[in-house]
Amino acid sequence: MEKILVIGSTVTDVNLFMDHLPAAEEDVIPYRQKMTLGGCAYNVSNVLRIFGVPYTLFSPVGTGVYGRFVRDHLQRLDIVPAIETLEENGCCYCLNDAQGNRSFMSLHGAEYRFKKEWLDRIDTKQYGMAYVCGLELEEPCNDVIIAFLQENPGLKVIYAPGPRVGYIPSERSRQMLEICSYLHCNARELRVLTGEENVPEGLKRLPERISAVVTDGDKDVCIFEKGIIRTEPAVRAAVVSGTGAGDAHCGAVMAMLAKGENLTEAVRMANKVGARAVQSEESAVSEKDLEDLL
C-alpha cells in the first residue's frame with residue numbers, strides 16, 4: 001500500500017451556526033458555536049487515518065491560542081506535528097446557515113506558511129503519492145512547495161485547487177497542472193480554473209495525462225481519465241454542514257487508490273464518505289460516521 005504525503009494546513013475551525021448568512025450591515029445572532037480541528041490537509045489525512053492508509057501530515061503547528069488548540073487535538077490522536085514553529089497560528093471562521101451553505105473567513109498564520117528547509121527534510125523515497133491544496137499556494141512564500149514537487153517527479157500528486165482558486169497566481173496554477181497526476185475539485189472551481197462554464201468542456205481543457213474528479217453538490221460526479229469522461233451518481237444526504245465535505249471526498253479517493261482500487265471504485269466510495277461528511281457538524285468525519293462503510 002502506498003504511503004501518502006499530505007502537505008498543507010491544520011487549522012482551528014471556529015464554526016458558527018445561524019439561520020442565514022449575514023448581508024451587508026446586518027446583525028445576525030448565531031444559535032451555536034463549535035471549535036473543531038480542520039484545515040484541508042488535516043481533513044484529508046483524517047480520512048486516510050480512518051481507512052488505515054499510511055500517511056504523513058506535513059503541516060506547520062505554531063503558537064498562540066489556536067496553535068495550542070491544534071497541538072492538543074493532534075496529541076489526542078497520537079499525531080506528532082511534523083513541523084513546529086514560533087509563528088502564531090491563525091484560524092478559520094466557518095459560517096453555516098440552516099440549509100447547510102457555508103462561507104469561510106480565514107486568518108492565515110503559521111499553518112499556511114512553509115519553508116524550503118522543512119521540505120528538504122522529507123525522505124520522498126517512502127511516499128508514492130502527495131496531496132497539495134491550492135489554499136497554501138496563495139501565500140507568496142509557498143513557491144517552495146511547487147519547487148519541491150518539481151524536484152521530485154516520482155511523486156504522484158493529487159491537487160485540490162480549493163475555493164479560492166481564482167486568487168492563485170496564474171503561473172502557479174499552470175505549474176500545478178503540469179505537475180499533478182490527479183485533480184480533485186468541484187464544478188465552480190473547475191470553471192474558474194479552465195474558463196469553461198460547462199464541466200465536460202472544462203475537463204477537455206485539461207491535459208489528457210491528468211485524471212480528474214469533479215463534484216457538484218448532489219449532482220453526478222464527473223470522472224475524467226485518459227481523455228474519457230464518465231459519471232457516477234452522488235449519494236443524496238440531508239445537509240447539516242458542507243464544511244470539510246470536499247476534503248473528505250478527496251481523502252476517500254486517495255485512500256482507495258492507495259489500496260489499489262481503480263478511480264471509478266474510488267469515487268463510488270468517496271461519494272458515500274462525502275454524504276456522511278455533510279451530515280456532521282464537525283469539519284472532519286469520525287470513525288463512527290464511517291463505521292458501516294469500513
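Within helix H6 (residues 170-179) of the predicted model, Arg174 and Glu178 lie 4 residues apart, and therefore about one helical turn separates the two. Their side chains form a salt bridge in which the closest N and O atoms are 2.4 Å apart. Both partners fall in the intermediate class of accessibility: Arg174 is partly exposed at 39% relative accessibility, and Glu178 is likewise partly exposed, with a relative accessible area of 48%.

This pair belongs to a set of 18 salt bridges in the structure. Another of them joins Glu139 to Arg113, with an N to O distance of 3.4 Å. Glu139 is located in the loop between helix H4 (134-137) and helix H5 (143-151), whereas Arg113 is located in the loop between strand S8 (102-107) and helix H3 (116-120); the salt bridge therefore ties together parts that are 26 residues apart in sequence. The two residues differ in their burial class. Glu139 counts as buried because its relative accessibility of 13% is under the 20% limit, while Arg113, at 26%, counts as partly exposed.

A further salt bridge is formed by the side chains of Arg230 and Glu225, at 2.6 Å from N to O. Arg230 has a relative accessible area of 28% and is partly exposed; Glu225 is also partly exposed, at 22%. Elsewhere, Glu87, Arg113 and Glu139 are joined into one network by salt bridges that share partners.

With regard to charge as a whole, the protein carries 31 positive and 42 negative charges, and the mean positions of these two groups are 4 Å apart.

The overall fold comprises 11 helices and 14 strands. The radius of gyration is 18 Å, close to the 19 Å given by the globule rule for 294 residues, so the protein is as compact as a globular protein of that length. Along the principal axes, the C-alpha atoms fill a box of roughly 50 × 40 × 40 Å.

Of the 294 residues, 55% are buried. Among contacts with a separation of 6 or more, 69% are between residues 24 or more positions apart. The exposed surface of the protein amounts to about 13200 Å², of which carbon and sulfur atoms supply 48%.

How values were computed: Residues are numbered from 1 along each chain as its sequence is written. This is a predicted model: local features need pLDDT of at least 70, side-chain atom pairs count only at pLDDT 80 or more; totals for chains, interfaces and linings use all residues. Side-chain values use heavy atoms; hydrogens and water are left out. The radius of gyration is taken over C-alpha atoms; the globule rule is 2.2 Å times the number of residues to the power 0.38. Buried means under 20% relative accessible area, exposed over 50%, partly exposed in between (1.4 Å probe, protein chains only). Contact means heavy atoms within 4.5 Å. Accessible areas come from the Shrake-Rupley method with a 1.4 Å probe; for residues, only the protein chains shown count as cover. Lys and Arg count as positive and Asp and Glu as negative; His and the chain ends are not counted. The place of a charge is taken as NZ of Lys, CZ of Arg, CG of Asp or CD of Glu. A salt bridge is a side-chain nitrogen of Lys or Arg within 4 Å of a carboxyl oxygen of Asp or Glu.
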